[in-house]
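Open the model in a viewer and keep the sequence panel in view. The stops below give a selection to make and then say what is found there.

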Amino acid sequence: MEAILLVGGKGTRLRPLTISTPKPLLPTAGVPLLEHQLRKASAAGIRRIVFATSYRAAMFTEAFGDGSRFGLELVYVTEDEPLGTAGAIRNAASKLTCDADSPVVVLNGDILSGHDLVSQVAMHEKSDAAVTMHLTLVDDARRYGAVPTTSEGKVIAFVEKSPKPPTNQVNAGCYVFRRSAIDAIPTGRVVSVEYETFPQLLAAGETIMGYVEGAYWLDVGTPATFVQGSCDLVLGRMESPAVHSGGGVLFLNGSSVAPEAAVSGGTTVGAGAVVESGATVESSVLFDGAVVERGARVSRSVLGRGARICAGAVVEDAVIGDGAMVGSGNELRDGLRLWPGVQLPETAVRFSADG
């Protein structure tokens, strides 16, 4: 079985982390985010994956090569100009080898999902659908496009964001296409799978099935969800064959944590990273070589490669870019982002009065 993996986005919502690294390659619980999907795909019986790349395309080849270490064959297609979700799928289809009736799995590179991909493929083959979508269940569907289905699972409509959605089933971004349905997507222009391809298939009388499963699902698109996803993997809330969870913290090779430091909540301490005595790090992601000095506090945040949080500084719900330094006495909170290489002097930024 073959798959197409969409990894062309620039990940702008995760800047500054994605200035130098595509979002799917950001270290997430010790490995690139995409590795969790690759290992899951391999376990589900997929043997060949076409990467639909665009932004910093060469980095994907450098990271994953031919895919042999995952039991996969990986090939790469690059978009010179963005083509939209369906356009990217159609462009990547030039590298597929299967026939017109074969199932092709389409995965999004910024999703963490614990759903049963094997069962989704089985539903697709049993129903002879043009497309079978994974639909996840959310508490509040007003922020999403709702996808109502019949009792047999047939999709009956695509309802855009609405104050009164007809269902809490929403598009989870994993599809199984019949190869011929991919080949029918127009070439050479921007095409949206959500706004054009799916509604047109439905209008033409084609069967679209909704595989509904409320397993773990997360769109890792913002700093907050990136941190959540990494911590959930470390804590075992989201299972992945790429992570050996347990203990509540992941220490990578060469990391150093003082006995008097407090590290908890699914934190990953990257290779060569240092947490000094008296420091507190909770539910955060420390990239390789990051340093948290004595008495500093880091919560629900990301520290880029080689970033340094100086003694006594406080970083909460923030992103610190590669090589940046937060001087002593600073207090960074509430979504603040510090760009790579910035050196913040002592007591330059505070969100509360000095004590």
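Which element gives the most to the lining of the largest pocket? Select strand E9, residues 169-178: E9 supplies 5 residues to that lining, the most of any element. Bear in mind throughout that this is a predicted model.

**Largest pocket**

Keep E9 displayed and add H3, H6 (193-203) and strand E11 (217-219). Each of these four elements contributes at least two residues to the lining of the largest pocket. The volume of this pocket is about 1600 Å³. To find its centre, select Thr-85, Asn-108, Asp-110, Glu-194 and Asp-219, which are the closest to it among the 47 lining residues. Colouring the lining by class gives 22 nonpolar, 15 polar and 10 charged residues.

**Second largest pocket**

Next, select Lys-40, Ser-113, Gly-114, His-115 and Met-238; of the 22 residues that line the second largest pocket, these are the closest to its centre. The volume here is about 290 Å³. Helix H1 (33-43), strand E6 (103-108), strand E7 (111-113) and E9 each give two or more residues to this lining. H1 gives the most, with 4 residues. The lining of the second largest pocket divides into 10 nonpolar, 9 polar and 3 charged residues.

**Ser-192**

Move to the loop between helix H5 (179-183) and helix H6, where Ser-192 is placed. Which backbone atom does the side chain of Ser-192 reach? Show the backbone nitrogen of Tyr-195: the side chain of Ser-192 comes to 3.0 Å from that atom. Outside its neighbours within four places in sequence, Ser-192 is in contact with Thr-85, Ala-86 and Thr-197. Thr-85 has already appeared on this tour, as one of the residues closest to the centre of the largest pocket.

**Nonpolar cores**

Nonpolar side chains tend to be buried together in soluble globular proteins. For the largest nonpolar core, select Ile-4, Ile-89, Val-131, Met-133, Tyr-175, Phe-177 and Phe-198, which have the most contacts inside this set of 31 residues. Helix H3, residues 84-92, gives the most to this core, with 4 residues. A second core, separate from this one, has 26 residues, including Ala-261, Val-269, Val-281 and Val-292.

Return to the largest core and centre on Phe-198. Which residues does Phe-198 touch, not counting residues up to four places away in sequence? They are Val-131, Met-133, Phe-158, Asn-171, Tyr-175, Phe-177, Val-193 and Ile-208.

**Val-227**

Select helix H7, residues 223-235, and pick out Val-227. Is Val-227 buried or exposed? Val-227 counts as buried because its relative accessibility is 6%, and buried means under 20%. Now measure from Val-227 to Ser-283: they are 56 residues apart in sequence, with their C-alpha atoms 7.3 Å apart in space. Leaving aside neighbours within four places in sequence, Val-227 is in contact with Ser-283, Ser-284 and Val-285, and also with Arg-300, Ser-301 and Val-302.

**Ala-63**

The last stop is Ala-63, in helix H2 (residues 58-64). With a relative accessibility of 28%, Ala-63 counts as partly exposed. Add Glu-35, which lies 28 residues from Ala-63 along the chain; the C-alpha separation is 9.6 Å. Beyond residues up to four places away in sequence, Ala-63 touches Leu-25 and Arg-69.

Conventions
Residues numbered from 1 in each chain as written. Predicted model: local features only at pLDDT ≥ 70, side-chain atom pairs only at ≥ 80, totals over all residues. Heavy atoms only, no water. Core = buried A, V, L, I, M, F, W, Y, C linked by side-chain atoms within 4.5 Å. Buried < 20%, exposed > 50% of the residue type's maximum accessible area, 1.4 Å probe, protein only. Contact = heavy atoms within 4.5 Å. Polar contact = N/O pair within 3.5 Å; in protein donor to acceptor, adjacent residues only side chain to side chain. 1 Å grid on protein atoms, 1.4 Å probe; cavity = no way out; pocket = protein on both sides within 12 Å on 5 of 7 lines; lining within 4 Å. Points joined across faces, edges and corners; volume = space filled by probe spheres on them. Nonpolar A, V, L, I, M, F, W, Y, C, P; charged D, E, K, R; others polar.
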